[in-house]
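Student: Could you take me through one part of this model up close? I'd like the whole-chain picture as a backdrop.

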Amino acid sequence: MPRIPADEVLVAGVWRRGRGAAFRAVNPADGSLLTELHAATAEDVDEAARAAAEAAADPAWRDLLPHLRARLLHRIADLVENHADELAALQTADTGKSLTETRALAASAAGTFRYTAAALETMEDSLTPSRGPYVTLSVHEPIGVVGAINPWNSPIASDAQKAAPALAGGNAVLLKPAEWTSLVSLAFGRLVHQALTEAGLPTALFSVLTGSGRVVGDAIVKHPLVGRIGFTGGTTTGRAIARHAADKLIPASLELGGKSPTIVREDADLEQALAGVMFGIFSSSGQSCIAGSRLFVHRSRYDAFLGELVERVRKLRVGPGTDPDTQVAPLVHHKHRDAVAAYVDLARSEGGRVLCGGAAPGGAAYEDGAYYLPTVIDGLPNSARTCQEEIFGPVLVALPYEDEDDLIAQANASDYGLACGIWTRDARAAWRLARRIEAGTVWINTYKQFSISTPFGGMKDSGLGTEKGRDLIRAYQRQKSVYWGTDATPLPWAT
């Protein structure tokens, strides 16, 4: 068992117990208690925000040159790498994910800090073309205090994707992890705190505030000193955050839900498509915003492809994340497992056929965990709720299509527009589909591959703004224009 963080919140540079109610961190593999934490309160958020504003204005941080801020980011990356095994084990215990995945997430977090440090070292402000007797400059400055609110499915990677560019931009960060999976974010916060201490910088630049979204998240979003919000989570919450941000006239980036289509054309490589479709939906136990949860197969190959797919899905190995043979780990929480099961029951009531899965696995090894079998459903129209609403679990709905226009109409008939997968040997068809599909990310003959250097965002109800990419730091800064007069002639009206 990994070491469980004893401290429960990081407020104003100080580790201490939160002032709020106690809540439990539970291992979803067996239902055992990992630890009990105390949530932060609105008063804790206020204390953290005020201290963060002072820290952001401290000359030691405000005037720190970019290459020295980059050095801090590299040090955080070093610490994450040095503690990668501990972070991975802690995240597996808290989320149920496989160790293979949580090790990759820890490596991703370190890579995000390294990439952001490199971007910071090479970013430039600009001299804009003058149109008069003056020099014009465009410069970028910190926002001040920013809020980072993250979900439970990939905590440390999500933490890094917001914290790295925010710190690189010269800001202070209030990080709010999901209540179900706070432990790895607390461990990550300890590493950031250590790096700030070693550098002689204000430790109040980074706070970790655990607790519910309705209390802690709401207090962060509404706090008058918070000048930007980065949120990853559900669309309903995202809309509420967008309304608050609009009222405050502050920027917000929102990475929200998805119901992503994965498309198998009649000319697809069968083996490649089968493996890709399964990985796209059943890795992470389907708990991914970009999961390929709607499968569209050309009518001519539908029955054969679906038959082979179901046979292979039945053989996927379900088990705890600590077992190296596990392919489908438990869901994050028993309540979430029950919500996924309710969607499968809904599919049955809508007339869907459950071809495999559709239940929790039986046996003593599974009875205390939050497990659910990988599930394939067909026989539903694309308009069915099960085909339209995000389930966030190992549930795939399969639908046939007749031709490209029918495919595009069905694939785009969704409130979401986050991701899409295309399996085909036809390069021209792949390009045509990639451009016609309404999605922020399209994979062709691959799925769920990510690069910190490539922007990520969604269309429609899947979000607003982007994360990652070469300009990731600029999203956490304000642009300012400066005019420097060069003409000795007085301006009109000069006395």
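Student: What percentage of the 495 residues of the chain count as buried? And which residues of α10 are buried?

Tutor: Quick housekeeping: this is a predicted model, where local features need pLDDT of at least 70 and side-chain atom pairs count only at pLDDT 80 or more, while totals for chains, interfaces and linings use all residues. Numbering runs from 1 along each chain as its sequence is written, and side-chain values use heavy atoms, leaving out hydrogens and water.

On burial, 56% of the 495 residues make the cut (under 20% relative accessible area, 1.4 Å probe, protein chains only). The chain has a radius of gyration of 24 Å, which agrees with the value near 23 Å for a compact globule of 495 residues (over C-alpha atoms; the rule is 2.2 Å times the number of residues to the power 0.38). Take contacts (heavy atoms within 4.5 Å) between residues at least 6 apart in sequence: 73% of them join residues at least 24 apart.

Now zoom in on α10, one of 15 helices in a chain that also has 24 strands (DSSP runs: H or I of at least four residues, E of at least two). Helix α10 covers residues 270–282, and its 13 residues reach 18 Å from first C-alpha to last, close to the 18 Å expected at 1.5 Å a residue. Its buried residues are Ala273, Leu274, Gly276, Val277, Met278, Gly280, Ile281 and Phe282. What do they pack against? The strand partners are β12 (261–264), β13 (294–298), β15 (375–378), β16 (395–401) and β18 (419–423), and the helix α11 (302–314) joins them.

Conventions. Buried means under 20% relative accessible area, exposed over 50%, partly exposed in between (1.4 Å probe, protein chains only). The expected span of a helix is 1.5 Å times one less than its number of residues.
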